[in-house]
Amino acid sequence: MLQLRDAAEGGPAGSPGSPAALLVPGEAGPPFQPAAARGSPAAPPPRQTLRPLSVRTATRAGRLREYFVFRPGTIEQAVNEIRMVVMPTEDGEVQSVWLLAEIDHWNNEKERLVLITDWSLLICKYNFISLQCQHVTRIALSAVDTISVGEFEFPPKSLNKREGIGIRIQWDKQSRASFINRWNPWSTNIPYVTFTEHPMADADEKIASLCLLENFKTQLIQAVKKAQKECPLPGRANGVLVLERPLLIETYLGLMSFINNEAKLGYSMTRGKIGF
């Protein structure tokens with residue numbers, strides 16, 4: 001047994017009052033007391049810095065508050081503003097509005113508002129922080145020829161994959177983009193668009209109905225068939241092919257999409273003290 005004893009109690013470490021201490025085997029001495037208890041003046045307390053307590057919750061309800069789209073009144077205002085870009089002579093009336101995630105040809109995930117009208121599919125890039133519609137892509141429903149539903153599929157050697165089910169809408173009888181467009185991450189000349197459910201689709205009961213991919217597929221098929229019947233394209237056979245098959249995304253390294261998707265850069269969210 002080793003006991004800690006001050007050198008002032010009579011040890012070979014030096015004169016009385018020496019700050020050295022000895023390890024003495026086998027002896028039981030008085031319990032160690034701090035300097036303040038032995039009559040020495042108390043040392044001033046060290047400098048302390050008080051920081052605000054930050055509590056992070058891992059629940060889906062807590063994460064829901066990080067998305068601006070789920071804040072009260074935001075989705076309603078966004079829908080009202082986007083309705084103003086609808087052209088009655090070209091699009092007809094709005095049939096339904098959806099909150100989905102678009103997956104581009106480089107596997108980048110982006111938050112989108114999607115409108116199904118009488119004759120068009122409108123894909124809206126909306127900033128839910130500044131409450132502004134930044135871009136709208138219009139696809140004629142009469143030009144849609146294939147709707148595919150299935151799990152995502154990647155090349156065997158791909159390093160950045162995703163799980164889940166999506167829906168792919170193709171038009172103009174083109175199943176693949178050109179080689180140049182496939183390898184250009186910023187290319188918008190892609191003859192298809194791919195959607196999946198919003199990552200927080202089931203976290204808010206009020207908005208959950210806007211995020212259901214199965215309901216979106218059903219209404220889209222009905223709208224395409226109706227548009228092709230009412231406004232057929234001249235010189236081509238009408239009809240939409242509905243398939244259940246894997247949705248191929250041809251990415252291999254995928255470093256850019258990995259950073260984008262992990263940081264949720266395609267969503268309007270709070271990020272520390274700022275939001276973008």
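This report walks through the pockets, ring pairs and salt bridges of the structure above.

Keep in mind that the model is predicted.

## Two pockets

Let's start with the open spaces. The largest pocket comes out at a volume of about 650 Å³. Its lining is made of 27 residues, and those closest to the centre are Glu-102, Lys-110, Arg-112, Ser-187 and Thr-188. Which elements build this lining? At least two residues each come from strand 3 (94-103), strand 4 (109-117), strand 5 (120-127), strand 6 (132-140), strand 9 (192-197) and helix 6 (255-262). Sorted by class, the lining has 12 nonpolar, nine polar and six charged residues.

The second largest pocket has a volume of about 410 Å³. Here 24 residues do the lining, and Glu-109, Arg-162, Glu-163, Thr-196 and Glu-197 are the ones nearest the centre. Strand 7 (144-153), strand 8 (165-171), strand 9, helix 5 (213-230) and helix 6 each give two or more residues to this lining. Helix 6 gives the most, with four residues. By class, the lining of the second largest pocket splits into seven nonpolar, seven polar and 10 charged residues.

If you click around the model, look at helix 6 again: it supplies residues to the lining of the largest pocket, and it also supplies residues to the lining of the second largest pocket.

## Rings that meet

Now for the aromatic side chains. How many aromatic pairs does a search of the whole structure find? The count is five. To describe a pair of aromatic rings, you give the distance of the centres and the angle of the planes.

Take Tyr-67 and Tyr-267. Their ring centres are 5.8 Å apart and their planes stand at 85°, so this pair is edge-to-face; the label applies because the angle is over 60 degrees. The two tyrosines are 200 residues apart in the chain: Tyr-67 is in the loop between helix 1 (60-64) and helix 2 (74-82), while Tyr-267 is in the loop between helix 6 and strand 12 (270-271). Are they buried or exposed? Tyr-67 is buried at 1% relative accessibility, and Tyr-267 is buried too, at 3%.

A second pair is Trp-98 with Phe-216. With 5.7 Å between the ring centres and 75° between the planes, this pair is also edge-to-face. Trp-98 belongs to strand 3 and Phe-216 to helix 5, so to speak a long-distance link: 118 residues separate them along the chain. Trp-98 has a relative accessible area of 4% and is buried, and Phe-216 is buried at 0%.

Rings can also join up in groups. Tyr-67 turns up again here, because ring pairs link Tyr-67, Phe-70 and Tyr-267 into a cluster.

Some rings have an arginine over the face. Arg-71 sits over the face of Phe-68, 4.2 Å from the ring centre. Arg-162 does the like with Phe-152, at 5.7 Å from the ring centre. You have already met Arg-162, one of the residues nearest the centre of the second largest pocket.

## Salt bridges

The count of salt bridges comes to five. Among them are these:

| Pair | Closest N to O distance |
|---|---|
| Arg-138 and Asp-91 | 2.7 Å |
| Glu-102 and Arg-112 | 3.2 Å |
| Glu-214 and Lys-217 | 3.1 Å |

Start with Arg-138 and Asp-91. Arg-138 is in strand 6 and Asp-91 is in helix 3 (residues 88-91), so their salt bridge ties together parts 47 residues apart in sequence. Arg-138 is partly exposed, with a relative accessible area of 31%, whereas Asp-91 is buried at 0%.

Next come Glu-102 and Arg-112. Glu-102 lies in strand 3 and Arg-112 in strand 4, so this pair ties together parts 10 residues apart in sequence. Glu-102 counts as buried at 16% relative accessibility, and Arg-112 is buried at 11%. Both residues are also among those closest to the centre of the largest pocket.

The last pair stays within helix 5. Where do Glu-214 and Lys-217 sit relative to each other? They are three residues apart in helix 5, so about one helical turn separates them. Glu-214 is partly exposed at 48% relative accessibility, while Lys-217 is buried at 17%.

Definitions and conventions
Residues numbered from 1 in each chain as written. Predicted model: local features only at pLDDT ≥ 70, side-chain atom pairs only at ≥ 80, totals over all residues. Heavy atoms only, no water. 1 Å grid on protein atoms, 1.4 Å probe; cavity = no way out; pocket = protein on both sides within 12 Å on 5 of 7 lines; lining within 4 Å. Points joined across faces, edges and corners; volume = space filled by probe spheres on them. Nonpolar A, V, L, I, M, F, W, Y, C, P; charged D, E, K, R; others polar. Phe/Tyr/Trp six-rings, centres within 6.5 Å; stacked < 30°, edge-to-face > 60°. Buried < 20%, exposed > 50% of the residue type's maximum accessible area, 1.4 Å probe, protein only. Lys NZ or Arg CZ within 6 Å of the ring centre and 35° of its normal. Salt bridge = Lys/Arg side-chain N within 4 Å of Asp/Glu carboxyl O.
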